[in-house]
Amino acid sequence: MNINMRSATINDYEPVIKIISQVQDMHVDWRPDIYKHNDNLISKEVFEKIVENNTFFVAENDDKNIVGILELVFKHIESPAHITRDIIFIDTMAVADGYRGLGVGHQMFEFLKIMKNKKNMDGIELQVNAKNHAAYEMYKKYGFTEKSINMELLI
């Protein structure tokens, strides 16, 4: 399947919310002690502000259906303890039900590699839910390695 990556517009709100809700439902299933169902994860007004920042992208298939979403944060890291770096942090990456396992995520990463090079960034980073084994395996297959591990103490 070929996809086209483009900046999101306000007209993409409904299909974007559908994908975000699918991901939220997975999180609720994995960790109902942390996540809850919510029919209004992002209001249209908030989405409009996100779109204005030009950091939210959609993946369209040949039929112009939105099959994936990507929200990025551009981070400049500079401190006495760190090498100065500029990274693209993937805040949200999701593929719609029915399109997972078809290479959409890999094409999104190819888009990110091109963006990284054009913007002269030093790297691409993300976090993955520990219960999301399919995404973890896809990231590893694509070449991501573990940088840190978040842990929790349930009391």
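Is Lys64 buried or exposed? Lys64 is exposed, because its relative accessible area is 58%, a value over the 50% cut-off for that class. The structure discussed here is a predicted model, and the points below take up its sheet, its aromatic rings and a few individual residues. The sheet is an open one of five strands, and a search of the whole structure finds seven aromatic pairs.

**The sheet and the helix packed on it**

- The five strands follow the order S1-S2-S3-S4-S5, and their pairing is mixed.
- Strand S1 and strand S5 (123-126) stand at the edges with a single partner strand each, so one side of each of these two strands is left without a neighbour in the sheet.
- On average, and with direction ignored, neighbouring strands of this sheet are turned by 35° against each other.
- Helix H1 packs on the sheet, where it touches S2, S3 and strand S4 (82-95), and the direction of H1 makes about 75° with that of S3.
- Strands S1 and S2 run antiparallel and are joined by four bridges, and Ser7 stands opposite Phe57 in S2.

**Loop residues around the sheet**

- Asp12 has its place in the loop between strand S1 (4-7) and helix H1 (13-30), and it counts as buried because its relative accessibility is 5%, which is under the 20% cut-off.
- Leaving aside residues up to four places away in sequence, Asp12 touches Arg6, Ser7, Phe47, Val58 and Ile66.
- Asn54, in the loop between helix H2 (44-52) and strand S2 (56-60), has a positive phi of about 55° although it is not a glycine.
- The relative accessible area of Asn54 is 44%, so this residue is classed as partly exposed.
- Lys64, which lies in the loop between S2 and strand S3 (66-79), likewise is not a glycine and yet has a positive phi, here of about 70°.

**Aromatic rings**

- Among the seven aromatic pairs is that of Tyr13 and Phe47, whose ring centres are 5.6 Å apart and whose planes stand at 55°, so the pair is described as tilted.
- Because Tyr13 lies in helix H1 and Phe47 in helix H2, this pair ties together parts of the structure that are 34 residues apart in sequence.
- Both residues of the pair, Tyr13 and Phe47, are buried, and Phe47 also appears among the residues that Asp12 touches.
- Ring pairs also link Phe109, Tyr139, Tyr142 and Phe144 into a cluster.

**Charges over rings**

- The charged end of Lys75 sits over the ring of Phe89, at 4.3 Å from the centre of that ring.
- Lys119 lies over the face of Phe74, and its distance from the ring centre is 5.2 Å.

**His106 and its contacts**

- His106 is found in helix H3, which covers residues 104-118, and it is partly exposed, with a relative accessible area of 28%.
- When residues up to four places away in sequence are not counted, His106 touches Met138 and Tyr142, and Tyr142 is one of the residues in the ring cluster.
- His106 and Met138 are 32 residues apart in sequence, while their C-alpha atoms are 8.3 Å apart in space.

Conventions: Residues numbered from 1 in each chain as written. Predicted model: local features only at pLDDT ≥ 70, side-chain atom pairs only at ≥ 80, totals over all residues. Heavy atoms only, no water. Buried < 20%, exposed > 50% of the residue type's maximum accessible area, 1.4 Å probe, protein only. Contact = heavy atoms within 4.5 Å. Pairing = 2+ DSSP bridges. Axes fitted to C-alpha atoms, helices over the stretch in contact; angles between N-to-C directions. Phe/Tyr/Trp six-rings, centres within 6.5 Å; stacked < 30°, edge-to-face > 60°. Lys NZ or Arg CZ within 6 Å of the ring centre and 35° of its normal.
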